[in-house]
Amino acid sequence: MFKEFGDRIEFIGINQGDREKIEEYIKEYGLGFPIAYDQDKRIYSLFGARVPMYILIDINGIIKYMEPYASDKKYLEKLLK
């Protein structure tokens with residue numbers, strides 16, 4: 001999704017796992033977007049997030065899309081038109 005839409009959508013990964021392992025994963029797969037660490041699970045609590053979960057928040061802070069284990073390219077394309 002980042003490779004296809006990264007020039008039009010800002011992606012931020014949020015992770016609760018071990019920071020060292022996550023940093024190794026980032027290097028191994030060459031992720032090109034920032035990763036936030038949610039060690040105290042504040043973000044998890046705020047959104048009731050399950051892993052992985054995709055949350056699309058518009059420029060005004062309104063949640064437009066929130067689905068676990070989903071990546072709906074057609075929905076993103078529609079929103080970007």
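**Exercise 1. Place Asn 15 in the fold and describe its surroundings.**

Solution. Asn 15 is found in strand S1, which covers residues 13-15, and the model in which these positions are read is a predicted one. The next step is accessibility: because its relative accessible area is 29%, Asn 15 counts as partly exposed. Turning to the neighbours, and leaving out residues up to four places away in sequence, Asn 15 touches Ile 22, Ile 35, Ala 36, Tyr 37, Asp 38 and Gln 39. For one of these partners, Ile 35, the C-alpha atom is separated from that of Asn 15 by 7.1 Å, although the two residues are 20 apart along the chain.

**Exercise 2. Examine Asp 38, a contact of Asn 15, and decide which partners its side chain has.**

Solution. Begin with the location, which is the loop between strand S2 (35-37) and helix H3 (42-47). Asp 38 is buried yet has no salt bridge, and the nearest side chain of opposite charge, that of Arg 42, is 6.4 Å away. A salt bridge would require a side-chain nitrogen of Lys or Arg within 4 Å of a carboxyl oxygen. The side chain of Asp 38 does, however, reach the backbone nitrogen of Tyr 44 at 3.0 Å. Not counting residues up to four places away in sequence, Asp 38 touches Ile 14, Asn 15, Gln 16, Ile 43 and Tyr 44.

**Exercise 3. Follow helix H2 from its start to the residue just after it.**

Solution. At the start of helix H2 (residues 19-29), a side-chain oxygen of Asp 18 reaches to within 3.2 Å of the backbone nitrogen of Glu 20. Within the helix, the side chains of Glu 23 and Arg 19 meet in a salt bridge with an N to O distance of 3.2 Å, and these two residues lie 4 apart, about one turn of the helix. An α-helix has 3.6 residues a turn, so residues three or four places apart point the same way. Glu 23 counts as partly exposed because its relative accessibility is 35%, and Arg 19 falls in the partly exposed class at 46%. Just after H2, Gly 30 takes a positive phi of about 60 degrees.

**Exercise 4. Take the salt bridges outside H2 and state how exposed their members are.**

Solution. The count for the model comes to 4 salt bridges. One of them joins the side chains of Asp 7 and Arg 8 at 3.7 Å, N to O; here Asp 7 is exposed at 66% relative accessibility, whereas Arg 8, with 49%, is partly exposed. Another joins Lys 64 and Asp 58 at 3.9 Å, where Lys 64 is partly exposed with a relative accessible area of 40% and Asp 58 is partly exposed at 22%.

**Exercise 5. Identify the residues and elements that make the nonpolar surface patch.**

Solution. Ile 55, Ile 57, Ile 63 and Met 66 make a nonpolar surface patch of about 300 Å². Strand S3 (53-57) and strand S4 (63-68) are the elements that give two or more residues to this patch. Ile 63, found in strand S4, is partly exposed because its relative accessibility is 40%, and this value is over the 30% that patch membership requires.

**Exercise 6. Summarise the chain as a whole.**

Solution. The chain holds 4 helices and 4 strands, which run α-β-α-β-α-β-β-α from the N terminus on. Of its 81 residues, 14% count as buried, and the accessible surface comes to about 6,600 Å², of which 52% belongs to carbon and sulfur atoms.

Terms used. Residues are numbered from 1 along each chain as its sequence is written. This is a predicted model: local features need pLDDT of at least 70, side-chain atom pairs count only at pLDDT 80 or more; totals for chains, interfaces and linings use all residues. Side-chain values use heavy atoms; hydrogens and water are left out. A polar contact is a pair of N or O atoms within 3.5 Å; within protein, one must be able to donate a hydrogen and the other to accept it, and residues adjacent in sequence count only if both atoms are side-chain atoms. Buried means under 20% relative accessible area, exposed over 50%, partly exposed in between (1.4 Å probe, protein chains only). Lys and Arg count as positive and Asp and Glu as negative; His and the chain ends are not counted. Contact means heavy atoms within 4.5 Å. Patches are made of residues with over 30% relative accessible area and no salt bridge: like charges are joined within 9 Å, nonpolar side chains (Val, Leu, Ile, Met, Phe, Trp, Tyr) within 5 Å. Accessible areas come from the Shrake-Rupley method with a 1.4 Å probe; for residues, only the protein chains shown count as cover.
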